[in-house]
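The following exercises concern nonpolar cores and helix packing. Each task is followed by a solution in steps.

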Amino acid sequence: MSDPLAFSTTLQANGAEPLIAARALKKTYVVGDVDVHALRGVDLEVERAEFVAIVGPSGSGKSTLFNILGGLTPPTAGAIHIDGVDLTRLTDGERTRLRREKIGFVFQRYNLLPTLTAADNIALARTIAGNVNHDDPEFNEILDLLGISHRLHHKPRAMSGGEQQRVAIARAIVNHPAILLADEPTGNLDTENSTIVLDLLRDLNGRLGQTILMITHNPEAAAYAHRIVHMRDGRVAGGP
Ligand SMILES: Nc1ncnc2c1ncn2[C@@H]1O[C@H](COP(=O)(O)OP(=O)(O)OP(=O)(O)O)[C@@H](O)[C@H]1O
Ligand SMILES: [Mg+2]
């Protein structure tokens, strides 16, 4: 176990840098005898309070990039700074802690625990992060914004896809992460629910300055973002 003081210094933010700065990221998966080059050198910078959409064909490396930015997978090469902290220099434990404190994930398939109510799904995320801030007015405001305050005692199966995804978003941001990463958050939703979720992301970004990175296949969804990053064949199109 490393010195906790040194550890907190490692995690200290540096306001001068972009919130996300990825340089020359490469990721090669070795599958049997075959090397799959999922990322071939990606540079990406995201500023605080930006809402960025990542689009690109299936297999172009979007989810791989997310898993690396979110500290779930190490890159094969390259550097990644989150809030001034070099992810690749952290121990596994430090990276896990940074992920819990700074990153919220939303996936295409909500990933709520089916045996827990919506409220308990959200509470669990709080507990895992050691967040004891149970009376959190800003979060209560978020629940109102999400329009799910009255549905929190239900289990996921009693909720629509749109409601489940809104609960998943609430869970992702309950610990006030610096970055919300959403991988196809409307991929399983009908048009009406997609619009609700996208309006909500726009509100979270506009009203609370939540930094959002969203992968999508849908041009209408991408249009909600300030900036669209196109990926192709493991690279940012137009990039190096
Ligand atoms: N765990 C893994 N092991 C081996 N290969 C992988 C793994 N994850 C992804 N790949 C491969 O890496 C490449 C990029 O995959 P990735 O999932 O990042 O693409 P994507 O842009 O998210 O695609 P989609 O739009 O279909 O979700 C693909 O060729 C994929 O098959
Ligand atoms: Mg994907």
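**Exercise 1.** Is the crossing of H6 and H7 left-handed or right-handed? Determine also how the two helices are oriented and which residues form their contact.

*Solution.* The model is a predicted one.

Step 1. The axes of H6 and H7 lie 9 Å apart and enclose an angle of about 20 degrees. Because angles under 35 degrees count as roughly parallel, H6 is roughly parallel to H7.

Step 2. The crossing of H6 and H7 is right-handed.

Step 3. H6 contributes Gly162, Glu163, Gln165, Arg166, Ile169 and Ile173 to the contact, and these meet Asn193, Ile196, Val197, Leu200, Leu201 and Leu204 of H7. By class, the residues of this contact comprise seven nonpolar, three polar and two charged.

**Exercise 2.** Describe the largest nonpolar core and the elements that supply it.

*Solution.*

Step 1. This core has 37 residues, and Ile122, Leu143, Leu146, Ile169, Leu201 and Met214 have the most contacts inside it.

Step 2. Elements that each supply at least two of its residues include the strands S3 (51–55), S7 (179–183) and S8 (211–215). Helices H4 (118–128), H5 (137–146), H6 (161–173), H7 (191–208) and H8 (219–222) do so as well. With six residues, H6 gives the most to this core.

Step 3. Beyond its neighbours within four places in sequence, Met214 is in contact with Phe51, Val52, Ala53, Ile54, Phe66, Ala182, Pro185, Leu198, Leu201, Ala221 and Ala222.

**Exercise 3.** How many residues does the second, separate core have?

*Solution.* The second core has 29 residues, among them Val42, Ile68, Val85 and Met231.

Methods
Residues are numbered from 1 along each chain as its sequence is written. Chains are lettered from A and ligands numbered from 1 in the order in which they are written. This is a predicted model: local features need pLDDT of at least 70, side-chain atom pairs count only at pLDDT 80 or more; totals for chains, interfaces and linings use all residues. Side-chain values use heavy atoms; hydrogens and water are left out. A nonpolar core is a set of buried Ala, Val, Leu, Ile, Met, Phe, Trp, Tyr and Cys residues joined through side-chain atoms within 4.5 Å. Buried means under 20% relative accessible area, exposed over 50%, partly exposed in between (1.4 Å probe, protein chains only). Helices (H or I, at least four residues) and strands (E, at least two) are DSSP runs, numbered from the N terminus. Contact means heavy atoms within 4.5 Å. Axes are lines fitted to C-alpha atoms, for helices over the stretch in contact, and angles run from 0 to 180 degrees between N-to-C directions. Angles under 35 degrees count as roughly parallel, over 145 as roughly antiparallel, 65 to 115 as roughly perpendicular and the rest as oblique. A crossing is left-handed if the near helix is turned anticlockwise from the far one by less than a right angle, and right-handed if clockwise. Ala, Val, Leu, Ile, Met, Phe, Trp, Tyr, Cys and Pro count as nonpolar, Asp, Glu, Lys and Arg as charged, and the others, Gly among them, as polar.
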